[in-house]
Amino acid sequence: MSKLKKSMSNEFYYETIFIEYAILEDRTASLLKHANRKYNDLTLNEKLYRIKSLSIFKDEYCKKHLTLDLIDRLYKWKNKRNKLIHDLIKSSYVNFDIKEVAEEGYELVKKFNGKTILVNKHLDTIYKDNA
């Protein structure tokens with residue numbers, strides 16, 4: 001998160017969106033790991049889908065923190081980011097879309113990171129109680 005904050009403050013927007021994507025990959029893998037689910041070799045899209053659909057994430061506590069709105073916003077951000085990255089060769093460096101995606105991703109990643117910590121602690125409690 002410190003690298004993300006530094007890249008945003010220095011306005012390195014391409015670097016920022018790469019870091020944001022990596023953090024989302026890590027945080028979604030962490031959620032699935034704490035839920036005792038397979039997460040290796042899954043794309044970000046597949047991890048988000050599992051988080052959205054698995055019953056373990058549908059209890060009240062998880063739904064309170066990992067709302068459908070938040071997951072949908074992550075999907076939309078990921079799609080915007082992917083389009084920008086795939087169109088990189090065609091766009092000029094002064095691309096205001098990059099800044100917008102970086103700023104949106106920054107807010108989403110900060111929120112998702114915090115929610116992930118809470119849900120992981122909750123999942124650890126569930127699995128500890130059931131052990």
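1. At what angle do H2 and helix H3 (residues 44–53) pack, and how far apart are their axes? In this predicted model, the angle between H2 and H3 is about 40°, and their axes are 10 Å apart. Angles under 35 degrees count as roughly parallel and 65 to 115 as roughly perpendicular; H2 and H3 are therefore oblique to each other. The crossing in which H2 passes H3 is left-handed.

2. A second packing partner of H2 may be examined in the same manner. Helix H2 (residues 13–34) packs with helix H6 (residues 96–129) at an angle of about 15°, and 9 Å separates their axes. Because angles under 35 degrees count as roughly parallel, H2 and H6 are described as roughly parallel to each other. H2 also passes H6 in a left-handed crossing. The residues that form the contact of H2 with H6 comprise 15 nonpolar, eight polar and four charged.

3. Thr 125 deserves a separate remark. This residue is found in helix H6. Is Thr 125 buried or exposed? Its relative accessibility is 43%, and since buried means under 20% and exposed over 50%, Thr 125 counts as partly exposed. Between Thr 125 and His 34 there is a separation of 91 residues in sequence, while their C-alpha atoms are 10.0 Å apart in space.

4. Finally, the aromatic rings should be considered. How many aromatic pairs does the structure hold? The number is zero. The ring of Tyr 21 nevertheless has a charged residue over its face: Arg 81 lies there, at 3.9 Å from the ring centre.

Methods
Residues numbered from 1 in each chain as written. Predicted model: local features only at pLDDT ≥ 70, side-chain atom pairs only at ≥ 80, totals over all residues. Heavy atoms only, no water. Phe/Tyr/Trp six-rings, centres within 6.5 Å; stacked < 30°, edge-to-face > 60°. Lys NZ or Arg CZ within 6 Å of the ring centre and 35° of its normal. Axes fitted to C-alpha atoms, helices over the stretch in contact; angles between N-to-C directions. Helix = DSSP H or I, 4+ residues; strand = E, 2+ residues; numbered from the N terminus. Parallel < 35°, antiparallel > 145°, perpendicular 65-115°, else oblique. Left-handed = near helix turned anticlockwise from the far one by under 90°. Nonpolar A, V, L, I, M, F, W, Y, C, P; charged D, E, K, R; others polar. Buried < 20%, exposed > 50% of the residue type's maximum accessible area, 1.4 Å probe, protein only.
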